Amino acid sequence: FRIKGIWLQDNNLQGTLPLEMADLLFLTSLRLGNNELTGSIPKFLQGLVYLQDLQLENNMLDEPLESWVCEIEQHDLRNNLFPCHLPECCSKAGDGMCEPCVAGFFRSNQYYFIGAAVALVAVLIGVSVLAYYLRHRRKTLETIPLLKAPQVSGNIQE
């Protein structure tokens, strides 16, 4: 068989592109847009000499983009997580089909932001639970009659 096209847009595909795709020597069109692909656009795609159409828009590809993608006649790589310094052919200076890129500060600190957000949520939950407990405890204490010491009348003599 000579597979010439793979069109699997909008299929909730996750992970990276498999190495076995390098064996698809006659592939002319690869359309995997609107999925959840991660990692990089594999270098082996460059070796697919008949590839003329590469559509990987709206994924989560996050490795640096190499300039060989500019050799592909039709490409749409928009809305991924590529670091800035995109190849000129598909940056704003070119056709814009790789934009937007993710600035270095957010890329290098994204896991800190996620960790801080999780910690903040945990603290808020903890404070809410503590406030509920204290409020509930106070109501409970108010409903329990306090023990009173017996009243002694008269003088105490030794």
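**Exercise 1. Is S29 buried or exposed, and what is its relative accessibility?**

*Solution.* The model under study is predicted.

Step 1. Locate the residue: S29 lies in strand 3.

Step 2. Apply the cut-off. Buried means under 20% relative accessible area. S29 has a relative accessibility of 8%, so S29 counts as buried.

Step 3. List the surroundings. Leaving out residues up to four places away in sequence, S29 touches K4, G5, I6, W7, L51 and D53.

Step 4. Pick out the polar contacts of the side chain. One joins the side chain of S29 to that of W7 at 2.8 Å. Another joins the side chain of S29 to that of D53, also given as 2.8 Å.

**Exercise 2. Determine the order of the strands in the open sheet of four strands, and state the sense of the pairing.**

*Solution.*

Step 1. Begin with the whole chain. The chain contains one helix and seven strands, and along the sequence the pattern reads β-β-β-β-β-β-β-α.

Step 2. Write down the order. The four strands of the open sheet are arranged as 1-3-5-7, with parallel pairing.

Step 3. Identify the edges. Strand 1 (5–7) and strand 7 (74–76) each have a single partner strand, so one side of each is left without a neighbour in the sheet.

Step 4. Add the geometry: from one strand to the next, the twist averages 10°.

Step 5. Examine one pair. Strand 1 and strand 3 (residues 29–31) are joined in the parallel sense by three bridges. Within this pair, G5 stands opposite S29, the buried serine of the preceding exercise.

**Exercise 3. Which strands does strand 4 pair with, and through how many bridges?**

*Solution.*

Step 1. Consider strand 2 (residues 14–15). Two bridges connect this strand to strand 4 (residues 36–39), and the two run parallel. Here Q14 has E36 as its bridge partner in strand 4.

Step 2. Consider strand 6. Strand 4 is also joined to strand 6 by two bridges, again in a parallel arrangement. In that pairing, G39 stands opposite L61 of strand 6.

**Exercise 4. Describe the largest nonpolar core and the environment of L30.**

*Solution.*

Step 1. Give the extent of the core: the largest nonpolar core has 25 residues.

Step 2. Name the residues with the most contacts inside the core. These are L30, I41, L45, L54, L56, L65 and L77.

Step 3. Follow L30 outward. Neighbours within four places in sequence aside, L30 is in contact with I6, M21, L45, L51, D53, L54 and Q55. Among these, L45 and L54 also appear in the list of residues with the most contacts inside the core. D53, a contact of L30, makes a side-chain polar contact with S29 as well.

Step 4. Place this in the context of the chain. Of its 158 residues, 28% count as buried. Among contacts with a separation of 6 or more, 29% come from residues 24 or more positions apart.

**Exercise 5. How many disulfides does the structure hold, and which parts of the chain do they link?**

*Solution.*

Step 1. Count: the structure holds two disulfides.

Step 2. Treat the link of C70 and C89. The sulfur atoms of C70 and C89 are 1.4 Å apart. The angle about the S-S bond is -70°, and the link is left-handed. C70 lies in the loop between strand 6 and strand 7, whereas C89 lies in the loop between strand 7 and helix 1 (104–143), 19 residues apart. C70 is partly exposed at 27% relative accessible area, and C89 is partly exposed at 25%.

Step 3. Treat the link of C84 and C101. The sulfur atoms of C84 and C101 are 2.1 Å apart. The torsion about the S-S bond is about 80°, so this disulfide is right-handed. C84 and C101 are 17 residues apart, each in the loop between strand 7 and helix 1. The relative accessible area of C84 is 27%, which is partly exposed; C101, at 25%, is also partly exposed.

**Exercise 6. Where is E71 placed, and is E71 buried or exposed?**

*Solution.*

Step 1. Locate E71 in the loop between strand 6 (60–61) and strand 7.

Step 2. Classify the residue. The cut-off for exposed is over 50% relative accessible area. With 63%, E71 is therefore exposed.

Step 3. Compare sequence with space. E71 and Q46 are separated by 25 residues in sequence, with a C-alpha to C-alpha distance of 8.7 Å.

Notes
Residues numbered from 1 in each chain as written. Predicted model: local features only at pLDDT ≥ 70, side-chain atom pairs only at ≥ 80, totals over all residues. Heavy atoms only, no water. Pairing = 2+ DSSP bridges. Axes fitted to C-alpha atoms, helices over the stretch in contact; angles between N-to-C directions. Buried < 20%, exposed > 50% of the residue type's maximum accessible area, 1.4 Å probe, protein only. Core = buried A, V, L, I, M, F, W, Y, C linked by side-chain atoms within 4.5 Å. Contact = heavy atoms within 4.5 Å. Polar contact = N/O pair within 3.5 Å; in protein donor to acceptor, adjacent residues only side chain to side chain. Disulfide = S-S within 2.5 Å.
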